[in-house]
Structure formats: C-alpha cells, structure tokens
Amino acid sequence: MAPSLLGGFTKSLAMTVLSEVGDKTFFAAAILAMRHPRKLVLAGCLTALIVMTALSASLGWVAPNLISRKWTHHVTTLLFFVFGIWSLWEGFKEDGDSEELAEVEAELDAVFKSNKGESKTKTKAFSITFFGEWGDKSQIATIGLAADENPFGVVLGGIIAQALCTTAAVLGGKSLASQISEKMVELSSGVLFLLFGIMSLLSGPGEL
C-alpha cells in the first residue's frame, strides 16, 4: 500500500512545528528581526528552511531506491525512538531558563562584529538559518519521514510548519522567544517522536 499524502503531511506538520519552536534557528530569526528589516529576515530564513526541507525530503525519497523499503522503514522507526528518548532526556535536563536563546544571541553578536559594515540581510539570514539547520534533529527526522511516507506530503507539511514558526519568530521577536519553555518543547517533541515510533512499529512499510 502506497504511503498517503495526508499521512506524510500531518506527521511532517506536527513534527516540524514541535521541532522548530524553541529551536536555534527560531531564536536566530527572532533576534535577526530585531536588528534588520523583518521582510528581508523572513525571506532569507524561509528560503533557507524551504530549501533544507526539500533537500531532506529528496534524500529520504531516494533512500528506498537504494535499499529496500523494509529496511528504510526499520531505520525510520529506530530514529523516531532515538529522537524521542533524546528529546525527553534533554527536556528533563532543562532547568527552565532560556539558555539556548542566550547562546544564539551571543553567536549572532560575534557574527555581526566580524561582518561589520555589511548590509546583506537576506543573505545573512539565509546562511545562518541553513547552516544552523544542517545536521539538526529535525532535518534527519525529515529524511527518515520522507523515506517512509509520501515525500510530497512531507515537503508540504514541513514548508507550512516552517512558514508558521518563522513568521511567529520574526513578528514576535525576542519578547516571544524568551517566553517559550524549552523544557516543554523538548518534552512535547519527545512524546511525539515516541508516538510516531510506536505507530511505525505497529504498521508495516508504506502502511502508515
């Protein structure tokens, strides 16, 4: 049975929202929007996230053509459980303070100082977001999800979720970012990943 478009869409939407809210790129977008024109920051960040989502889904789509769908299904299931346990562990370790927000702000300050005088806001927003997302948990999860679900649904759900999260970050700025509980985000993400893992375990390849 072929993976459904709706299944890929809903899982990608839910996973991306929980993975991106409170993520390093979310905080980066919020801080950049305070220092540069919001439209340019939004355009740069969204372009980077759309490219990353499409690239990740493409890698996931290619995977079943290189190895059997059965094995890609098993690997995806394992990834969901690993990320679920990892997220829960990170959530329980959090003390409630927005440490990542402070870390991102410090990193961006260093970047601004080293590029003093440059005004290529859109390019800067794109590069910071793209490389910040590279190798991230959400990127790897997107690859795994696209390998087991309908890749078009995964791309569509991921892009809509990225647009919602990034727009909220840009419009809300640092005031919104500072109100986000990283602990709750990590715990919620962990529960969702484990739920996906259980659903994947109970179903066969292509039946999710």
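**Helical architecture, a buried salt bridge and a nonpolar surface patch**

The protein chain contains 9 helices and 0 strands. The model described here is predicted. Along the sequence, the elements of the protein chain succeed one another in the pattern α-α-α-α-α-α-α-α-α. Of its 208 residues, 46% count as buried. Among contacts in the protein chain with a separation of 6 or more, 93% are accounted for by residues 24 or more positions apart. The area exposed by the protein chain is about 10,200 Å², and carbon and sulfur atoms supply 70% of this area.

Helix 4 was examined in detail. This helix spans residues 69–93 and comprises 25 residues. From its first C-alpha to its last, helix 4 reaches 36 Å, close to the 36 Å expected at 1.5 Å a residue. Its buried positions are T72, H73, T76, T77, F80, F83, G84, S87, L88 and G91. Packing of the buried residues of helix 4 involves helix 3 (38–66), helix 7 (137–148) and helix 9 (182–202).

A search of the whole structure for salt bridges returns 1 such interaction. The pair consists of K11 and E149, whose closest N and O atoms lie 3.3 Å apart. Distant parts of the chain are linked by this pair, the partners being 138 residues apart. K11 belongs to helix 1 (residues 5–20), whereas E149 is located in the loop between helix 7 and helix 8 (151–177). In general, side chains of opposite charge can pair when their charged atoms come close. With a relative accessible area of 8%, K11 is classed as buried because its value falls under 20%. E149 is likewise buried, its relative accessibility being 2%. The salt bridge between K11 and E149 thus joins a lysine that is buried to a glutamate that is also buried.

On the surface, a nonpolar patch is formed by W61, V62, L66, I67 and W71. Together, these residues present about 580 Å² of accessible area. Helix 3 provides the largest share of the nonpolar patch, with 3 residues. L66 is found in helix 3, and its relative accessibility of 68% places this residue in the exposed class, because the value is over 50%. Helix 3 therefore contributes to the surface through the exposed residue L66, while helix 3 is also among the elements against which the buried residues of helix 4 pack.

How values were computed: Residues are numbered from 1 along each chain as its sequence is written. This is a predicted model: local features need pLDDT of at least 70, side-chain atom pairs count only at pLDDT 80 or more; totals for chains, interfaces and linings use all residues. Side-chain values use heavy atoms; hydrogens and water are left out. Helices (H or I, at least four residues) and strands (E, at least two) are DSSP runs, numbered from the N terminus. The expected span of a helix is 1.5 Å times one less than its number of residues. Buried means under 20% relative accessible area, exposed over 50%, partly exposed in between (1.4 Å probe, protein chains only). Contact means heavy atoms within 4.5 Å. A salt bridge is a side-chain nitrogen of Lys or Arg within 4 Å of a carboxyl oxygen of Asp or Glu. Accessible areas come from the Shrake-Rupley method with a 1.4 Å probe; for residues, only the protein chains shown count as cover. Patches are made of residues with over 30% relative accessible area and no salt bridge: like charges are joined within 9 Å, nonpolar side chains (Val, Leu, Ile, Met, Phe, Trp, Tyr) within 5 Å.
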